[in-house]
Amino acid sequence: MLAASVLWGTTGTAATFAPAVGPLAIGAVAMGLGGLLQAVTAARPIARDRAALRARRGLVLLGAVAVAAYPLAFYTSMRLAGVAVGTVVSIGSAPPAAALVERLVDRRRLTARWSAGAGLGLLGVVLLCVAEAARAHQGAGAGSGSGAATVLGVGLGLVAGVTYAVYSWAAHRLISGGTASRAAMGAVFGLGGLLLLPVLVVTGAPLLASWSHAAVGAYMALVPMFAGYVLFGRGLARVTATTATTLSLLEPAVAAVLAVVVVGERLPALGWAGVALVVGCLAVLTAPARPVRRPARAVRPSCGAPPVPSGRPVNGDVGPAPVALGREPPE
């Protein structure tokens, strides 16, 4: 999950090398071609699990529609509201949205550990947003964008966060139901890529205007989207959608650091404090959890032997199952 977030964090820096390409074209080429490539490379797993995918075609379609909507909303949000605001609204709203979906549909309760980690991460992303917005304000002057455009950008950022949570939950639901990770991701993202092809045909002409633009499009499709979501799918086999979307809060921190190192931008002290809080969030969520020990309870054998504490294995009992990171068992 963290490796995927690092790859996603490079998209903003890559997009600066193709300023003439619109947000719809960037989103369509990144998620569209990246999704189709996932489907092609996962053809065999998809064929093996085709019966399971067909039986849950509604879930596959829901995830695919969310995959198609996410990049269009995300990149347009950044164009209208600014990179800082668009990113923080899109990425920051995904963990609460995923938590709400899992609470309503899967009846999962959130742990105190997830709440603490998510709180640190969201605060860090907000500080990054404030720092980036202040820097952009000083560089471009006040009133560079209309209020209506900013409001629309924030609204699209919320759409991006919700769709990100939905396709993460749909893919996790397929994987936890027995579908192979590559088959689930290939089916969901491949179908989503097909839905994005008409958008790419209509808006993608600037990608062919120069070799640099074409190189940016190829990079976005192959590295952050294809490779990143392959890693993301493997992570979804181990953690819930809520934890996955929370770990992706690393993305804006990576983007901010790359903007300093590669693009030459300056990050104020408030921004570095936000990066530190995001790192703290990741430390809370990824640190090994101590095994939960139940209080010993005497079990009296029927043959009159001394009581045996129930916390120790008896007759092959291996004790309570471990609790997955960032969640509690369903009610």
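## A buried tyrosine in α6

Tyr70 has a relative accessibility of 7%, so this residue counts as buried. The model in which Tyr70 sits is a predicted one. Tyr164 is buried as well, with a relative accessible area of 2%.

The structure holds 13 aromatic pairs. In one of them, the ring centres of Tyr70 and Tyr164 are 5.7 Å apart and the planes meet at 45 degrees, so the pair is tilted. This pair links distant parts of the chain: Tyr70 belongs to helix α6 (residues 57-81) and Tyr164 to helix α9 (residues 147-176), with the two positions 94 residues apart in sequence numbering.

## A second pair and the aromatic cluster

Tyr229 and Phe232 form an edge-to-face pair, with 5.6 Å from centre to centre and 80 degrees between the planes. Both residues lie in helix α11 (residues 211-236), where they are 3 residues apart, about one turn of the helix. Tyr229 and Phe232 are both buried.

The members of these two pairs belong to one aromatic cluster, formed by Trp8, Tyr70, Phe74, Tyr75, Tyr164, Tyr167, Phe189, Tyr229 and Phe232. Leaving aside residues up to four places away in sequence, Tyr229 touches Trp8, Met31, Gln38, Tyr70, Tyr167, Met185, Phe189 and Pro224.

## The nonpolar core and helix α6

In soluble globular proteins, nonpolar side chains tend to be buried together. Here the largest nonpolar core has 66 residues, and those touching the most other members are Met31, Tyr70, Tyr167, Phe189, Tyr229, Phe232 and Leu236. Helix α6 gives the most to this core, with 10 residues.

Helix α6 has 25 residues and reaches 35 Å from its first C-alpha to its last, close to the 36 Å expected at 1.5 Å a residue. Just after α6 comes Gly82, which takes a positive phi of about 100 degrees.

## Other buried positions

Thr245 is in helix α12 (residues 241-247). Its relative accessible area is 0%, so Thr245 is buried. Beyond four places in sequence, Thr245 touches Ala94, Pro95, Ala98, Tyr164, Ala165 and Ser168. One of these neighbours, Tyr164, is the α9 partner in the tilted pair with Tyr70.

Val278 is placed in helix α14 (residues 269-286). With 0% relative accessibility, Val278 counts as buried. The residues that Val278 touches, not counting those up to four places away in sequence, are Gly121, Gly124, Val125, Leu249, Leu250 and Ala253. Between Val278 and Glu251 there are 9.6 Å from C-alpha to C-alpha, and the two are 27 residues apart in sequence.

## A loop and the start of α11

Thr179 lies in the loop between α9 and α10 (181-203). This loop residue has 4% relative accessibility, under the 20% limit, and therefore counts as buried. Thr179 touches Asp49, Ala52, Leu53, Leu174 and Ala184, again without residues up to four places away in sequence.

Ala215 is found in helix α11, the helix that also holds Tyr229 and Phe232. At 46% relative accessibility, Ala215 counts as partly exposed because the value falls between the limits of 20% and 50%. Ala215 and Ala18 are 197 residues apart in sequence, while their C-alpha atoms are 9.1 Å apart in space.

## The chain as a whole

The chain has 14 helices and 2 strands. Of its 331 residues, 45% count as buried. Among contacts between residues at least 6 apart in sequence, 87% join residues at least 24 apart. The Tyr70 and Tyr164 pair, 94 residues apart, is an example of a link between distant parts of the chain. The exposed area of the chain is about 15,900 Å², of which carbon and sulfur atoms supply 68%.

## Confidence

The average pLDDT of the chain is 79, and 79% of the residues score at least 70. Over residues 310-331, pLDDT stays under 50. For that stretch the model has 31 contacts beyond four places in sequence.

Note on methods
Residues numbered from 1 in each chain as written. Heavy atoms only, no water. Phe/Tyr/Trp six-rings, centres within 6.5 Å; stacked < 30°, edge-to-face > 60°. Helix = DSSP H or I, 4+ residues; strand = E, 2+ residues; numbered from the N terminus. Buried < 20%, exposed > 50% of the residue type's maximum accessible area, 1.4 Å probe, protein only. Expected span 1.5 Å × (residues − 1). Contact = heavy atoms within 4.5 Å. Areas by Shrake-Rupley, 256 points an atom, 1.4 Å probe, with all protein chains shown as cover. pLDDT = per-residue confidence, 0-100. Core = buried A, V, L, I, M, F, W, Y, C linked by side-chain atoms within 4.5 Å.
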